[in-house]
Amino acid sequence: MALLLRHSRKLRRVHGVLDCERGSIARHFSVAAAKEDAVSSSSVHGEYGKKVGRSSIFLDRQSEKDLHAFKVSSREARGSYSSKRMPIAATGVNSLFSCGQVVSARHFSSGADLPPHEAIGMPSLSPTMTEGNIAKWVKKEGDKVSPGEVLCEVETDKATVEMECMEEGYLAKIVCGDGAKEIKVGEIIAITVEEEGDIEKFKDYKASSSAAAPAESKPQSEPVEPKEEKKEVSKAPEPTATKTEESSQSGDRLFSSPVARKLAEDNNVPLSSLKAKGSKKEAAAAPGLGYVDLPNTQIRKVTANRLLQSKQTIPHYYLTVDSRVDKLIKLRSELNPMQDASGGKKISINDLVIKAAALALRKVPACNSSWMNDFIRQYHNVNINVAVQTEHGLFVPVVRDADKKGLAAIADEVKQLASRAKDNSLKPEDYEGGTFTVSNLGGPFGIKQFCAIVNPPQSAILAIGSAEKRVIPGAAEGQYEIGSFMSATLSCDHRVIDGAMGAEWLKAFKGYLEDPTTMLL
């Protein structure tokens, strides 16, 4: 949480805001506010602040160091701060709140047509989010908004998340409407005002590119002096080859036949200026083919990038085992009538698989780990992600501490998470923090066996196939019996899980499936 002093008639004094030992304050100035602050600087800053030229410097009470908040030139103070956001690098605030940057949201105009307002930017709702889409606006222009109320639904790189209002006011302008795509984090999506009468003044408001908050800014305790560009001391050696061997402006190597080089040289034409026919990549289909282009959702783009990164950077290997599941099926048939009588959810084979996988991870904790380059991180919690396919894309909600939960609790939680995934209403806490993933294509689709892709930063994923009946030798010679077998394939990151370690985990997992009563102990 950061403390920002708003230039508002609701806040007359600053001393009541500072209830911490350390703090940094910054303002956005209109013309009138800049003049007023120059007069009342000493009374506002008190013994902890001082005015140096056009910079506002605040004193850190503990380290006794001056903290540079911002610098406003005289030209900027004359009116260039009309609805413009500015990053504030505040060292004191960083140490208090572990924030790398504080961006003020309150803006003030030097013109009479733009009253004080708040520009709402696209929030970063997940650690990997760089842009988002507006699924729909819950509030309309002109609506009164209060803290905690949902403004809109934002489609992130993980799921669709409700964005809540932080302050009381009125929604004056929706800059990015329903269905707006690829909005960068920090880009203005809406404007709110304090007074209802100010709504009309933002009817034709359009956010400029300069009004967007910077995506990343490093804090600094001193003003950054402009650095002169260093000129290259050494020059490239003069080319001794012919003119046709000059590289293009982009520095790419040019490939050409001897005949092409000779023709270019004879006609004094640089090869870099020539473009080969058909070199431009186009998405056109072959003539005579009918097709439709389906736009990718944000979740599908992210899933594609993460899976590609996983296959390119993680050394996969695969282990497959067949488990006899007759006792597992029998246990499920005995438990479900009790679930029906108590009003609980029916237990599926996948719920039993999740429980068995969690207990196997507790038994072989080395598989419950992540590769961290300089070390391997082994987790104490066993959080199982469950792959759920929806029309919006692939989601992997998480069942936390699955090793400590009963089968009834797992069954109920999985069904609730799957329902929210299909409704595209998962929240970040519903899918973040997993340590192992289970993907089941056997029950729903009848797939016998498959190999899944490791979900980073995890080190393993379990692929479950369908159960099938097989004829196997009986107890006596010449006798045969029918048994149900299910295939399970463990995909492992070889940097973390050695072959023997993966085999040990599968042995433990198979033991729980073939003797499921041990899971109830």
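Which residues have the most contacts inside the largest nonpolar core? They are Ile384, Phe436, Leu462, Trp505 and Phe509, in a core of 54 residues. Such a core is a set of buried Ala, Val, Leu, Ile, Met, Phe, Trp, Tyr and Cys residues joined through side-chain atoms within 4.5 Å. Buried means under 20% relative accessible area, with a 1.4 Å probe and protein chains only.

**Before starting**

This is a predicted model, in which local features need pLDDT of at least 70 and side-chain atom pairs count only at pLDDT 80 or more, while totals for chains, interfaces and linings use all residues. Residues are numbered from 1 along each chain as its sequence is written, and side-chain values use heavy atoms, with hydrogens and water left out.

**The whole chain**

Display the full chain: 11 helices and 24 strands are present. These are DSSP runs numbered from the N terminus, helices being H or I of at least four residues and strands E of at least two. Of the 521 residues, 40% count as buried.

**The largest core**

Select the five residues named at the outset, then add helix α7 (residues 349–363), which gives the most to this core, with nine residues. Next, centre on Ile384. Leaving aside neighbours within four places in sequence, Ile384 is in contact (heavy atoms within 4.5 Å) with residues including Ile354, Ala358, Leu361, Phe436 and Val438. Apart from this core lies another, of 19 residues, among them Ile134, Trp137, Cys152 and Ala190.

**Two crossing helices**

Keep α7 and add helix α8 (residues 407–422): the axes come within 9 Å and cross at roughly 115°. Axes are lines fitted to C-alpha atoms over the stretch in contact, and angles run from 0 to 180 degrees between N-to-C directions. Asp351, Leu352, Ile354 and Lys355 in α7 meet Leu407, Ile410, Ala411, Val414 and Lys415 in α8. By class, this contact has six nonpolar, no polar and three charged residues.

**The four-stranded sheet**

Now select β11, β10, β8 and β13, which in that order form an open antiparallel sheet. Two strands pair if DSSP finds at least two bridges between them. The edge strands, β11 (160–164) and β13 (183–184), each pair on one side only.

Begin with β8 (residues 131–137) and β10 (residues 150–155), which pair over four bridges. Ile134 has Val154 in β10 as its bridge partner. Then move to β11, joined to β10 by five bridges. Here Val150 stands opposite Glu164. The tour ends at the hairpin that β10 and β11 form, with four residues between them.

Key:
Buried means under 20% relative accessible area, exposed over 50%, partly exposed in between (1.4 Å probe, protein chains only). Ala, Val, Leu, Ile, Met, Phe, Trp, Tyr, Cys and Pro count as nonpolar, Asp, Glu, Lys and Arg as charged, and the others, Gly among them, as polar.
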